[in-house]
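Welcome, and thanks for taking a look at this model. Here is a short briefing to help you find your way around.

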Amino acid sequence: MRRVKLEPIVQRILDTSEDEITCSECFDAISPYVELEMQGTKVSDEMARVRHHLGQCRVCREEYETLRDLVRSERETKTKAVNRANRRH
Amino acid sequence: MKKRTTEEWLQQLQAKGAEQEPALADLRAHLLHAALYALNRYRSETRGRSFDDISALAEDCAQNALVAVLAHLNDFRHDSEFTTWAYKFAVNTALVVQRRQQWKDVSLDRLVAEADLENVLLDAAPQHDPDRLATYRELWLTIRSVIEHDLTERQRFVMIAIVFQSVPLDVISERLGVDRNAIYKLLHDARRKLKQSLVQRGFAPSEIMADFSRD
């Protein structure tokens, strides 16, 4: 017998908007979205639609999370390198 | 690798010959790093692929991403760092390839046919609260009825494959020979019908979610 978790399915259904952006539109906006999220900046209406799409589309969400973590990791590495260099002087 | 501003990246990548080559080489190195990061992040899903295999795959992805970045340079809107924008091509390429390889031996027709939505155990249903259990069951029966009777064949296929069998949307896109956006639209239309039906049958969204959060 198949086990079905009803809550996430119902959540996705109820979160449906009449007008949702496509995967291509999400891809086009994802790099500024990543940077705004990392800055903690309040998102615009357009970016709210990106967030909504990421809530509905697992593949876009995986790509977003990977991009975000890659950029964050790179910036943290650069910050540590700068701090180390500053401590030496 | 040389550090460049966004303007330097664009100017050098759009140049020709000796001025372009170092920027191309550095960009490729960045994209390779991004592709490797993406493939290693989901390494457990690549079924024991060796380090050499992943490296070779990342090289291919980086090359394809480089072509894509160069083809879309005029689309860059200066609304992020150039490298963040470029990385997304490598991440997308790597994860699309990784998902396709993960699912290449899986028959989607068989998966969808095996979904068997008639014989379902509702996980985390409140077994000791008859009223809430009845609501859960009615919710499920409504959803199942819409899936079986109100969706088109393609909407049903996509709904079952993605939501119940966790098939990635771009794997379906490739198998059906249809653009990823078209698959997303099919699923969106299916969700809209489901939402409409739930509301028409008297299920209030806020009450449903409040009920779930009681668990």
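**Where the two chains meet as strands**

In β1(B), B:Leu121 is the bridge partner of A:Arg3. Keep in mind that this is a predicted model. From that pair of residues we can move on to the strands, then the helices, and finally the enclosed spaces.

**The paired strands**

- Strand β1 of chain A, residues 2-5, and strand β1 of chain B, residues 120-123, run in the parallel sense and pair over four bridges.
- Side chains alternate along β1(A): A:Arg2 and A:Val4 point to one face and are buried, whereas A:Arg3 and A:Lys5 point to the other and are not.
- In a regular strand, side chains alternate between the two faces of the sheet.

**Helix α6 of chain B**

- Helix α6 covers residues 130-149 of chain B, 20 residues in all. From first C-alpha to last it reaches 28 Å, close to the 28 Å expected at 1.5 Å a residue.
- Its buried residues are B:Arg132, B:Leu133, B:Tyr136, B:Leu139, B:Trp140, B:Thr142, B:Ile143, B:Arg144, B:Val146 and B:Ile147.
- Both chains help to cover those buried residues: the cover includes β1 and α1 of chain A, together with β1, α7, α9 and α10 (205-212) of chain B.
- Which residues does B:Ile143 touch, not counting those up to four places away in sequence? They are A:Leu6, A:Val10 and A:Ile13 from chain A, and B:Leu194 and B:Leu198 from chain B.
- B:Ile143, a residue of α6(B), has a relative accessible area of 0% and so is buried.
- Between B:Ile143 and B:Leu187 there are 14 Å in space, C-alpha to C-alpha, and the two are 44 residues apart in sequence.

**Helices α3 and α4 of chain B**

- Helix α3 of chain B spans residues 51-71. At 1.5 Å a residue, its 21 residues should span 30 Å, and because its end C-alpha atoms are 30 Å apart, the two values agree.
- Buried in α3(B) are B:Ile54, B:Leu57, B:Ala58, B:Cys61, B:Ala62, B:Ala65, B:Leu66 and B:Val69.
- The cover over these buried residues includes α2 (21-41) and α4 (82-103) of chain B.
- B:Thr93 belongs to helix α4 of chain B, and its relative accessible area of 16% makes it buried.
- Leaving out residues up to four places away in sequence, B:Thr93 touches B:Cys61, B:Asn64 and B:Ala65.

**A buried residue in helix α9 of chain B**

- B:Ile183 sits in helix α9 of chain B. Is this residue buried or exposed? With 0% relative accessibility, B:Ile183 counts as buried.
- Not counting residues up to four places away in sequence, B:Ile183 touches B:Val158, B:Ile162, B:Leu169, B:Ile172, B:Ser173, B:Leu176 and B:Val178.
- One of these contacts is B:Leu169; the C-alpha atoms of B:Ile183 and B:Leu169 are separated by 6.9 Å, with their positions 14 residues apart along the chain.

**Two loop residues with positive phi**

- B:Asp116 is not a glycine, yet it has a positive phi of about 45 degrees. This residue is in the loop between α5 (108-113) and β1 of chain B, and B:Asp116 is partly exposed, with a relative accessible area of 36%.
- B:Ser166 is not a glycine either, and its phi is positive at about 55 degrees. The loop between α7 and α8 (169-176) of chain B holds B:Ser166, which counts as partly exposed at 40% relative accessibility.

**The cavities**

- How many cavities of 30 Å³ or more are there? The count comes to two.
- The largest cavity holds about 70 Å³ of space. Lining it are A:Arg12, A:Gln56, A:Cys57, A:Arg58 and A:Val59 from chain A, with B:Ile162, B:Val167, B:Pro168, B:Leu169 and B:Leu187 from chain B.
- By class, that lining has seven nonpolar, one polar and two charged residues.
- The second largest cavity holds about 40 Å³, and its lining is made up of A:Ile9, A:Arg12, A:Ile13, B:Met159, B:Val163, B:Leu187 and B:Arg191.
- Five of the residues lining the second largest cavity are nonpolar, none is polar and two are charged.
- Helix α1(A) gives the most to the lining of the second largest cavity, with three residues.

Notes
Residues are numbered from 1 along each chain as its sequence is written. Chains are lettered from A and ligands numbered from 1 in the order in which they are written. This is a predicted model: local features need pLDDT of at least 70, side-chain atom pairs count only at pLDDT 80 or more; totals for chains, interfaces and linings use all residues. Side-chain values use heavy atoms; hydrogens and water are left out. On a 1 Å grid over the protein atoms alone, a cavity is a set of points where a 1.4 Å probe fits but cannot get out, and a pocket is an open set with protein on both sides within 12 Å along at least five of seven lines; lining residues have an atom within 4 Å of a point. Grid points are joined across faces, edges and corners, and a volume is the space filled by probe spheres set on the points. Ala, Val, Leu, Ile, Met, Phe, Trp, Tyr, Cys and Pro count as nonpolar, Asp, Glu, Lys and Arg as charged, and the others, Gly among them, as polar. The expected span of a helix is 1.5 Å times one less than its number of residues. Buried means under 20% relative accessible area, exposed over 50%, partly exposed in between (1.4 Å probe, protein chains only). Contact means heavy atoms within 4.5 Å. Two strands pair if DSSP finds at least two bridges between them.
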